[in-house]
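Colleague: I am new to this structure. Please take me through the terms you use for it.

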Number of protein chains: 2
Amino acid sequence: MTDDKIIDGELWTDKDRISYIGPSVDVSDKKFDREIDCKGNLLMPGLKNAHTHSAMTFSRSLADEYCLNDWLHKAIFPREAKLTGEAVYWFSKLAYAEYLAGGTTACFDMYFFREENAKAAVETGFRHVFCGAANDFGGFESLERYYNELNAYDPLVSFKLGFHAEYTTCEDNLKLMSEIAHKYEAPVYTHISETYEEVEGCKERYGVTPAVLCDKLGIFDFGGGGFHCVWFTDEDRDIFKKRGLWSVFNACSNLKLASGITPVYKFIEKDMKIAVGTDGAGSNNALSMFREMYLDTVLSNVETHNAAAVDPFIILKAGTAGGARCMGLDDADVLEEGKKADIIMIDMNKPSMQPENNIVRNIVYSADNSVVKMTMIDGKILYEDGKYTTIDLDEVIRETNKLMQGLSDI
Amino acid sequence: MTDDKIIDGELWTDKDRISYIGPSVDVSDKKFDREIDCKGNLLMPGLKNAHTHSAMTFSRSLADEYCLNDWLHKAIFPREAKLTGEAVYWFSKLAYAEYLAGGTTACFDMYFFREENAKAAVETGFRHVFCGAANDFGGFESLERYYNELNAYDPLVSFKLGFHAEYTTCEDNLKLMSEIAHKYEAPVYTHISETYEEVEGCKERYGVTPAVLCDKLGIFDFGGGGFHCVWFTDEDRDIFKKRGLWSVFNACSNLKLASGITPVYKFIEKDMKIAVGTDGAGSNNALSMFREMYLDTVLSNVETHNAAAVDPFIILKAGTAGGARCMGLDDADVLEEGKKADIIMIDMNKPSMQPENNIVRNIVYSADNSVVKMTMIDGKILYEDGKYTTIDLDEVIRETNKLMQGLSDI
């Protein structure tokens, strides 16, 4: 799959890059380390999970009965207070295993214990973009340090400025966020308009929505984006459109926590920049980009009484190139010579991918993790036919279950 | 997993039946054909797809732009007019391959060319319950013949009385349906209240909803049920509750065709009999019971502003025991001595199934086809570690794609 169509041909990689994509040519004078007969399977750009909290795999199925506010305060925050760097290391590895099995090659991750998380990412070979999560409880004091250190840590790792959300960040700290963005001339990302209550609260505090507030404070002067965007007004969408900001959709988490359904079709009508994320495993509970893309496509249908409210190819591009560009991975967005070799192979011989009436629709409407045959990041195969090359899954399961013993009771 | 809880232990099968389930015991005096170390994986009843049109795999991704009415008349009916028994045979086999890979061990299927379909089912070893689909365009003349013939055809195959829908069946034919039900003292199943327009049309024609009409005409005097049930009124639910009728949910199809969202929580509040189905691949487009169960659990959350609107274990039971009882497979509903050995193994060592904070929630909220390690029907393993024992998938893919050449253009 190139940027806009599916072609018959072949693809070569050289180190971390794609060195050829096109029709089959004579390669008798070339030497490859390995040649793979794709047997009619599809190579496509890796899925990019543009909003997640990877290490929150610890909270999967742990507290499924709360709406967002109670879920955070009764189930999550007390357990997060007990998390250690070691725990974040292992639960992140569990998330990477799930990402790789689901064809996800990069994540835009908001969490803490970032040093240990970065170590897990580099050991795994996973492309990990950190997002700042500063708020009134902490994070502003270390934001610049992380920005400088993690952007110099390893080619697989990078860091974007970000704060948790308007409702956890006072006006002074929001202004500080804006100052830091201006100092580095850098984009800023945040949870935004996830729940109705959040937007109403912001309007009570400031008389405007979170997007209008951030815009006024200059937080988005150098770009960035928002996660969730469920309760955006038309004015919010206009601001995001005007500034070229990214709207990241998290359909499963918003359904599960009863937050709402994002009217994805309204963002597409305005030709906005969109991306797709899973949010964390505590509120999803899977980390499946396929399930997200499916729901981002079909959930608008009921509201609009239109079975074609959202074009599945637009969502597939949001889940791949969109996510990459959202998190600053412009060289890992599409399959093209010179781009990063972040590639997945879809097994077209799975029954759910047949017949091949329309391959893009098969993927968006029918695929799940079971169709992922191979996942490559930075030119290295990390997952192939159900096996991991850099993760010892048995060890990860053993360690994470051991760590759960300290987290189950609060 | 027994009827109501998950136990540590073992399970034996003897021919087509479960011969033991319980704690591990001394088996030194016993001889088994094969012993499988489940390694902590979960054995549970096979998923039961309680409403589908299996052979409609031909229409996957073929016409994704229509609402129900246009979809039927512009995309489906013209192609179905060109379908042959051979096509139904191969496209059903493709569906069986998808069912087995997704842990589904029985389907309640409404389609035609039933002889060829039954042949495919028995060859595969798949448990197939046919549902009558009579309407004004045909089917009433052969309903009794199929009822008698297919219920005597093979232990894997059975047939339930059914008609397509009120909106395709005139009053005389609805009365005929009732007469046949009374003659055989048998339950009747039908598409019901799938779209708002269908219910409004029925009210214009008869002054009452489809459920009230069927009830008045005596169609449900010996039980049965309805597929979709999206637009049920409280009165409709009361009728279904009073008569012990089955409501079968089809969340993906209803989203995709913009038909609506079934308020599943209202059926559970009344403690009604519920089951889960995928509908056909043309309108879903997958045949994944996991995706259905997930949506049947979370879709009620937004409407009710309650993150725990629907208990996932109730939905898991609807997707297994509920579906079995709905389609008359009372001896294939749960894992119990003497019950049919229709069993699946969930691979708990997949990252999406970890940590094991709550196994039932992991399955309903996080599982997809990739967690199915083994599928057994009637005591025979038909799918294990990605391989089929009775289906030549390469042949099925080759034949179905060949057949598509005659169906793509209309």
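Colleague: Why are H12(B) and H13(B) called roughly perpendicular?
Modeller: Helix H12 (residues 312–326) and helix H13 (residues 359–366) of chain B pack at an angle of about 70°. Angles of 65 to 115 degrees count as roughly perpendicular, so H12(B) and H13(B) are roughly perpendicular to each other. Their axes lie 9 Å apart. This is a predicted model, in which local features need pLDDT of at least 70 and side-chain atom pairs count only at pLDDT 80 or more, while totals for chains, interfaces and linings use all residues. Residues are numbered from 1 along each chain as its sequence is written, and chains are lettered from A in the order in which they are written.

Colleague: What makes the contact of H12(B) with H13(B), by class?
Modeller: It has 8 nonpolar, no polar and 1 charged residues. Asp, Glu, Lys and Arg count as charged. Among the residues in the contact are Phe313(B) of H12(B) and Arg361(B) of H13(B). Contact here means C-beta atoms, placed from the backbone, within 7 Å.

Colleague: How do you know that the two copies are related as by a two-fold rotation axis?
Modeller: A turn of 180° and a shift of 0.0 Å along the axis lay chain A on chain B, with an RMSD of 0.0 Å. The superposition is by least squares on C-alpha atoms of residues with pLDDT of at least 70 in both. The two copies are thus related as by a two-fold rotation axis.

Colleague: Which residue of chain A comes closest to the rotation axis?
Modeller: Ser370(A), at 2.1 Å (C-alpha).

Colleague: How many residues does the contact take from each chain?
Modeller: 50 from chain A and 50 from chain B. H14(A) gives the largest share of chain A's side, 5 residues.

Conventions: Two residues are in contact if their C-beta atoms, placed from the backbone, lie within 7 Å. Helices (H or I, at least four residues) and strands (E, at least two) are DSSP runs, numbered from the N terminus. Axes are lines fitted to C-alpha atoms, for helices over the stretch in contact, and angles run from 0 to 180 degrees between N-to-C directions. Angles under 35 degrees count as roughly parallel, over 145 as roughly antiparallel, 65 to 115 as roughly perpendicular and the rest as oblique.
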